[in-house]
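Visitor: I am new to this structure and would like to be taken through it step by step. Could we look at it together?

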Amino acid sequence: MSHIDRRQALKLFAALGAAGLTAACNRSSGVETATPAARNQIRIGMIAPQTGGDKPIGDDIVRGFRLFLDLNGGQIGGHPVELVVADEGDSVDTGKAALDGLLKQGVLALTGVVNSDVMAAIRDTVEQARVPLIGSNASPSAMQGVVYIWRTSYVNTEPGLALGPYVARQIGADGRVGIIAPNYEAGHDSVDGFRTGFGKTDPRLLPPVWTEFTTAPTRTFFREKIDQMRAAKPTVIYCFYAGLPAVEFLKQLWEDGYRGYIYAPGFLTEGTVLDEFEHEADNVYTALNYSPDLDNAANRQFATAFRNTYNATPTTYAVASYDAAQVLQAALRLTPGNPTSAAVNQALGRIGQIDSPRGGWQLNQTRTPQQRWYLRQVQKDGPVLANVLLSELATLG
């Protein structure tokens, strides 16, 4: 990334406006530069929370995919697209119901899914239906290499794996790392990745403290577990939360008197979460595969269009969903005539590199991205808080 001033860069993005959506940018980001002869309409099913605590994440997933459609005349690979969004809700049962409803509507392909427990629960149904799912968030480590499930996000272990070596270097020989995360699949994956990156047998790692999984914690939900973790006198903390749980965890940690460094996957402070804080996010450092600050042509176009369309800062959730549309476009270009789900799934294995706002990446043999991970810090950007890019951590996948 060039050392352009952050606020200058954001002003430049906004000033580009519609003029930024040029043919040159289009070629770099996978947007169609010429209108092909229209092919038959296809129906894409999206599973995303439209209610419950994960709704802000679900909203960004919908926004990212729709933005790609808007920039491509409502088409993917020359096919007019009907996007059908089904509410994932906040439980396995509501996620499974969303999938069942979409399959009954004859979708060509699926995308979305926020909750890792939902992803694990729908695996067999997706495989039996033989409809490709391009997941854009949830990515359990145990689900690599499933024939009909692909991910444009990450493997759940990777943010912690990228961050672990950095934290190990920062805390010194006498440092102690407190670890706290929700007791469900993604929480365990995140902790396993961090411990692996840090060094699993390193005595500076304290035993993990597990909290109950919820998307709607109360104002006292974390108090007991925070006290349990802090009783071991950690010098820094590693945690894994997102959305409303992230807000409540950081607020309750601040109220408990902790003022040290906090390290986490970037979901802790991603999206509208930062709007809820004053000082609670001080000293927060995160690892993520995307930052709006990234200086590449695809991100300049995407970030400008996202801000102009939604009056919001783009997130990794929106990028992964935008890239899911790019992945489908690449596969459909390799599928002549009227595509079938099986033909699209076969084509997904041949699509090559995706020119993404996060930087170029490609699917590996386990059907997840090989991509860069970045270190970010919460800092003031004028009157508001922002996740400011500091450096590159690792390439994983």
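Guide: Before we begin, contact here means heavy atoms within 4.5 Å, and the model we are looking at is a predicted one.

Visitor: In what order do the six strands form the open sheet?
Guide: The pairing in this open sheet is mixed. Its edge strands, each pairing on one side only, are β2 (75–76) and β6 (149–151). Read across from one edge to the other, the order is β2-β3-β1-β4-β5-β6.

Visitor: Which residue in β3 is the bridge partner of G45?
Guide: Strand β1, which covers residues 42–48, runs parallel to strand β3, residues 79–87, and seven bridges join the two. Within β3, the bridge partner of G45 is V84.

Visitor: Where do the buried residues of α4 fall around the axis of the helix?
Guide: Helix α4 spans residues 92–104, and its buried residues are G95, A98, L99 and L102. An α-helix has 3.6 residues a turn, so residues three or four places apart point the same way. Seen down the axis of α4, the buried residues lie within an arc of 95 degrees, and therefore they line one face of the helix.

Visitor: Which elements do the buried residues of α4 pack against?
Guide: The face of α4 turned away from the buried side carries D93 and K104, which are exposed. On the buried side, the residues of α4 pack against β1, β3, β4 and α5.

Visitor: What angle does the direction of α5 make with that of β6?
Guide: Helix α5, residues 116–129, packs on the sheet and touches β1, β4, β5 and β6. Its direction and that of β6 make an angle of about 135 degrees.

Methods: Residues numbered from 1 in each chain as written. Predicted model: local features only at pLDDT ≥ 70, side-chain atom pairs only at ≥ 80, totals over all residues. Heavy atoms only, no water. Pairing = 2+ DSSP bridges. Helix = DSSP H or I, 4+ residues; strand = E, 2+ residues; numbered from the N terminus. Axes fitted to C-alpha atoms, helices over the stretch in contact; angles between N-to-C directions. Expected span 1.5 Å × (residues − 1). Buried < 20%, exposed > 50% of the residue type's maximum accessible area, 1.4 Å probe, protein only. Arc of directions from axis to C-beta.
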